[in-house]
Amino acid sequence: MDSAEFHAAVYHVVRQIPNQRVTSYGHVAKLIGMPSYSRHVGQALKFLSPDVAPPVPWQRVISSAGTISSRGPGTDGAQRQRDVLEAEGVEVQVGRTGEFRVDFGTWGWFPDPGTVDIGLAPPEDGADDA
DNA sequence: AACGTGACTGCGC
DNA sequence: CGCGCAGCCACGT
């Protein structure tokens, strides 16, 4: 799978995250069959434009620790993400160090790989494409 | 080609 | 739970 397909798969999966549920970059990577590409899931979401259709609920993807990635000091990305999540009814708590946290026990969405449509042919081991 | 970077993870303390 | 460290992979310099 090339970069474009990877991005497409990521968006396809993220669009299936139910309302008021969140998952992690790493889990999205697992769902599309590339468990070591968690960082690239973040990259794919970064490339999103706000006017894509149908919309990609990027706000429902956070870190495996259940925290909203800060994107670096001086940026407001994490703050905006929290606002959108709370707007759809997800409870976001603020930790001592100011980081935003979502309780996976309540809001987490972690379906098994294979039970979610990734919009592409599943990765094949050594086999040539059909 | 080497080096640094990033919307990441898992593990140990 | 918070922090630091090593492993991870594609990309820009």
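# Chain A and DNA strand B

Visitor: What makes a helix count as supplying the surface near DNA strand B, and which helices each supply at least two residues?

Guide: Helix H2 (25-31) and helix H3 (38-46) each supply at least two residues of that surface. A residue is near a strand if one of its heavy atoms lies within 4 Å of it, and helices are DSSP runs of H or I of at least four residues, strands E runs of at least two, numbered from the N terminus. With five residues, H3 gives the most to the surface near DNA strand B.

This is a predicted model, in which local features need pLDDT of at least 70 and side-chain atom pairs pLDDT 80 or more, while totals for chains, interfaces and linings use all residues. Residues are numbered from 1 along each chain as written, chains are lettered from A and ligands numbered from 1 in written order, and side-chain values use heavy atoms, without hydrogens or water.

Visitor: How many residues surround DNA strand B, and which are the closest?

Guide: There are 15, and the closest are Gly 26, Arg 39, Trp 58, Ser 64 and Ser 69. Of the strand's atoms within 4 Å of the protein, 48% belong to sugar or phosphate and the rest to bases.

Visitor: What makes Ser 69 a polar contact of DNA strand B?

Guide: A polar contact to the strand is a pair of N or O atoms within 3.5 Å. A polar side-chain atom of Ser 69 lies 2.6 Å from a phosphate oxygen, so the pair meets that limit. For Tyr 25, a backbone N or O atom lies 3.1 Å from a phosphate oxygen. Arg 71 has a polar side-chain atom 3.3 Å from a base nitrogen.

Visitor: Why does the radius of gyration of chain A agree with a compact globule?

Guide: The radius is taken over C-alpha atoms, and the globule rule is 2.2 Å times the number of residues to the power 0.38. For 130 residues the rule gives a value near 14 Å, and chain A has 15 Å, which agrees.

Visitor: Which residues touch the most other members of the largest nonpolar core?

Guide: Val 10, Ile 32 and Leu 45 do, in a core of 22 residues. A nonpolar core is a set of buried Ala, Val, Leu, Ile, Met, Phe, Trp, Tyr and Cys residues joined through side-chain atoms within 4.5 Å; buried means under 20% relative accessible area (1.4 Å probe, protein chains only). Helix H1 (3-14), H2 and H3 give two or more residues to this core, and H1 gives the most, with six.

Key
A polar contact is a pair of N or O atoms within 3.5 Å; within protein, one must be able to donate a hydrogen and the other to accept it, and residues adjacent in sequence count only if both atoms are side-chain atoms. Buried means under 20% relative accessible area, exposed over 50%, partly exposed in between (1.4 Å probe, protein chains only).
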